[in-house]
Amino acid sequence: MKTASKEGRLGLIKKRVKKSKAIKANSMILDRIREKNASKAKAKSNGHAPKKGKATKTTKSEAPKFERARLVDKDLKKKYPQVILGTLGYDKAHHKQTVTIACVDCKKKRDVFTSDLFQVTRCVECTAERRQERRREARKARQE
Ligand SMILES: [Zn+2]
């Protein structure tokens, strides 16, 4: 019965390991309970109960600010047809995302911040031209 005795010994070792682990866990729990009681006693002796109003205030100011999700050029293209796909970049100096657009008038390329896309559809030259045109029209309208 060699195998049986071997198994028996293994079983004993396993049991011992289990026991020691259990003791460790127990002592950890005890430590935690002791800590809890100590902190409770401290709070009682100080007579300070945590103020509710103050707590909510601090959590409000410490709440993480809403972070904008990184933009995907396909979504940008849907909203702003002047966007050229695959040109998304990041400007480290300004902490802004950039993208290349094609001027809606002359198709010339221009790099812009994605945050400016809503108001930029043309290259610098065409924007200036357009502005002049508008001024001319406004002048004309005033004269009439
Ligand atoms: Zn242009």
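Before the exercises, one definition: two strands pair if DSSP finds at least two bridges between them. Helices (H or I, at least four residues) and strands (E, at least two) are DSSP runs, numbered from the N terminus.

You're looking at a predicted model, where local features need pLDDT of at least 70, side-chain atom pairs count only at pLDDT 80 or more, and totals for chains, interfaces and linings use all residues. Residues are numbered from 1 along each chain as its sequence is written.

**Exercise 1. Work out the order of the strands in the sheet and say which strands stand at its edges.**

Step 1. Start with the inventory: the chain has four helices and three strands. Along the sequence they follow the pattern α-α-α-β-β-β-α.

Step 2. Check the pairings. Strand 1 and strand 2 are antiparallel partners over three bridges. Strand 2 (residues 96–102) also pairs with strand 3 (residues 109–113), again in the antiparallel sense, over five bridges.

Step 3. Put these together and you get an open sheet of three strands, order 1-2-3, with antiparallel pairing. Strand 1 (89–91) and strand 3 each have a single partner strand, so they stand at the edges with one side left without a neighbour in the sheet. From one strand to the next, the twist averages 40° (axes are lines fitted to C-alpha atoms, for helices over the stretch in contact, and angles run from 0 to 180 degrees between N-to-C directions).

**Exercise 2. Trace the bridge partners of Thr98.**

Step 1. Look towards strand 1: Gly89 has Thr98 of strand 2 as its bridge partner.

Step 2. Now look towards strand 3, where the bridge partner of Thr98 is Phe113.

Step 3. For another bridge into strand 3, take Thr100, whose partner there is Asp111.

**Exercise 3. Find the positive phi in each hairpin, and decide whether the residue is buried or exposed.**

Step 1. Keep the background in mind: most residues other than glycine have a negative phi.

Step 2. Take the hairpin of strand 1 and strand 2, with four residues between the strands; here His95 has a positive phi near 55°.

Step 3. Move on to the hairpin of strand 2 and strand 3, which has six residues between them; in its turn, Lys107 has a positive phi of about 65°. Lys107 is not a glycine.

Step 4. Count neighbours. A residue is buried if 20 or more other C-beta atoms lie within 10 Å of its own, exposed if 12 or fewer, and partly exposed in between, with C-beta atoms placed from the backbone. His95 has 7 other C-beta atoms within 10 Å, so His95 is exposed. Lys107 has 10 C-beta neighbours inside 10 Å and therefore counts as exposed too.

**Exercise 4. What percentage of the chain's residues count as buried?**

Solution. Apply the cut-off to the whole chain: of its 144 residues, 6% count as buried.
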